[in-house]
Amino acid sequence: MNWQTNAIFYELYLRAFQDGNGDGHGDFIGLRRRLDYLQWLGVDVVWLLPINTSPLKDDGYDVSSYYGIHRDYGLLEDFMITVEEIHRRGMRVVTDMVMNHTSDQHPWFQESRRAKDSPMRDWYVWSDTPDKYADARIIFLDSERSNWAYSAQTGEYYWHRFFSEQPDLNYDNPRVREAMMRAIRFWMDLGIDGFRLDAVPYLFERDGTNCENLPETHDLLRQLRRVVDEEYPGRLLLAEANQWPRDLLPYFGNGDELQMCFHFPVMPRLYMALARGDKSAIVEVMNDTPPIPAGCQWATFLRNHDELTLEMVTPEEREFMWNFYAPEYGQRLNLGIRRRLAPLLNNDRRKIELMHSLLFTLPGAPVLYYGDEIGMGDNVALPDRNGVRTPMQWANEPHGGFTTGQSAYSRVIDDPIYGFQNVNVEAQMADESSLLHRVRSMILARKSLPVMAAGSLEWHETGAVETLAYWRSGEATEKTPTGRLLAIQNLSDSPQTVPLPDGKFADALRMEQGVSLASGDLTLDPYGYRWLVEL
């Protein structure tokens, strides 16, 4: 089994995690101070959002140098020390590589836009008309009206799939491909364990297509995988591609493209099933998820640094989700919802635990978003997605223990429900009944049960749409003597009885200490869940 198959990923925004020098911005010094916490929690892989030099028009996804570290985070030496410290604790580190586009402040683009005869003109995609590639959708609907932006310097338009400050690179240019390979080698040489490749479906453009998932994209990614396998064996390539499962299958190739892809479509259906008290949405999307090559894995998540995307649902389902989870217009963004996990679930501890149960027992490697393990809130008064990128709440101290300075880059959540005075790591570590301890117990249980990561999925009929049960089946181990585990979840607000199959079972989470269960009926509390190892 590859190391990523059963890994627990922890996504953190460095600016928001811990300020180590008192300037109000999170940095590598601060992250090193908190690595013991991540190790205690059970994290295997630290995923860093972009750390490159950037004007921060899009929180670092607008890269102005692929070789620099943003000055607020520290020096390159700080990064190297941090990688060593992460490895010393038996963890790994993955960073974002923004392949599709750069900042308009990047020297490449500055030279490209200077003149039509610039030697770097063809490093980006230019046109004398904004009518090309008309079949490509606009991703940031709330802020962009076109995928083309006008440059007055030369009277032409440049192509951008995201913000207009983020021009797309031209991967038809072999010099661009070579430059990106050099940047990837640079960071691999510094010891990182892999990349999350940002926005990979959009690397190429072709007339008459939607400019997504083109064959040329897969050719490039296979080339990248060959470089990594030959020069940096054991390193990971993880694709951010918001596509349907069957459209994602080519990104795994024949095991020769990317080792991991995010399973975007399953995520909104977890919320949909919970809102409706009906498992159908989860069953349908998992049944529509094809097998993937050996050695590959899905990455699954409940929330992340972006909006909760609703691109992969029908218009009717999107309207339902908006009305249920984001009734106020300000809670919505583009085709999604800009809220954190706990506020989405009205801070209902039962629902938060249930969603984690689904995350940890369905196929895929779980990705946690910083602060969700303690039930952090959000601030939708902040623009764009900044409301889910507020400072980590460490203690009931000024600025939540995030900084010793006079102010932080963003206001720490301090409302009566989610404020750092009530929701913080220090208080929850001291309380063994806290959400933090429950999430940690799930992580440790999952890591001790390899069947969760590599086992097959088979539905167990419960006789009710409100209850979702499934077998995870794989090789026998000391903790799973038959190689089978039965996960059961109650998606409703009323008690539900689920028939157990013949046999004996032990509770993998020890929710009933020392009690073994036999065949018969099992009653789950509202939003209850059980992980049962077949004996």
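Is N334 buried or exposed, and what is its relative accessible area? N334 is buried, with a relative accessible area of 9%, where buried means under 20% relative accessible area, exposed means over 50%, and partly exposed lies in between (1.4 Å probe, protein chains only). The structure is a predicted model, in which local features need pLDDT of at least 70 and side-chain atom pairs count only at pLDDT 80 or more, while totals for chains, interfaces and linings use all residues. Residues are numbered from 1 along each chain as its sequence is written, and side-chain values use heavy atoms, with hydrogens and water left out.

**Helices α6, α7 and α8**

Helices (H or I, at least four residues) and strands (E, at least two) are DSSP runs, numbered from the N terminus. Helix α7 covers residues 215–231, and at 1.5 Å a residue its 17 residues should span 24 Å, which agrees with the 25 Å between its end C-alpha atoms; the expected span is 1.5 Å times one less than the number of residues. The buried residues of α7 are T217, H218, L220, L221, L224, R225, V227 and V228. These buried residues pack against α6 (174–189), β9 (194–198), β10 (236–239) and α8 (245–252), with contact meaning heavy atoms within 4.5 Å.

Two packed helices are described by the angle between their axes and the distance between the axes. For α6 and α7 the packing angle is about 35° and the axes are 11 Å apart; axes are lines fitted to C-alpha atoms, for helices over the stretch in contact, and angles run from 0 to 180 degrees between N-to-C directions. The contact is made by R177, M181, I184, R185 and M188 of α6, together with L220, Q223, L224, V227, V228 and E231 of α7. By class, this contact of α6 with α7 has seven nonpolar, one polar and three charged residues, where Ala, Val, Leu, Ile, Met, Phe, Trp, Tyr, Cys and Pro count as nonpolar, Asp, Glu, Lys and Arg as charged, and the others, Gly among them, as polar.

In α8, the buried residues are P245, L248, Y251 and F252. They cover an arc of only 95° around the axis, which puts them on the same side of α8; the arc is that of the directions from the helix axis to the C-beta atoms. What covers these residues includes α7, β11 (260–262) and β12 (297–301). Just after α8, G253 takes a positive phi of about 60°.

**Residues in loops**

Most residues other than glycine have a negative phi. Phi of N334 is nevertheless near 50°, and phi of L56 is likewise positive, near 60°. The table places these two residues beside two further loop residues.

| Residue | Loop between | Relative accessibility |
|---|---|---|
| L56 | β3 (52–53) and β4 (65–69) | 26%, partly exposed |
| L302 | β12 and β13 (308–309) | 3%, buried |
| N334 | β14 (332–333) and β15 (336–337) | 9%, buried |
| S494 | β19 (484–490) and β20 (496–507) | 28%, partly exposed |

Leaving aside residues up to four places away in sequence, L302 touches M267, L270, Y271, L341, M355, H356, L359 and V367. The C-alpha atoms of L302 and Q331, 29 residues apart along the chain, are separated by 17 Å. For S494 and G277, which are 217 residues apart along the chain, the C-alpha atoms are separated by 9.8 Å.
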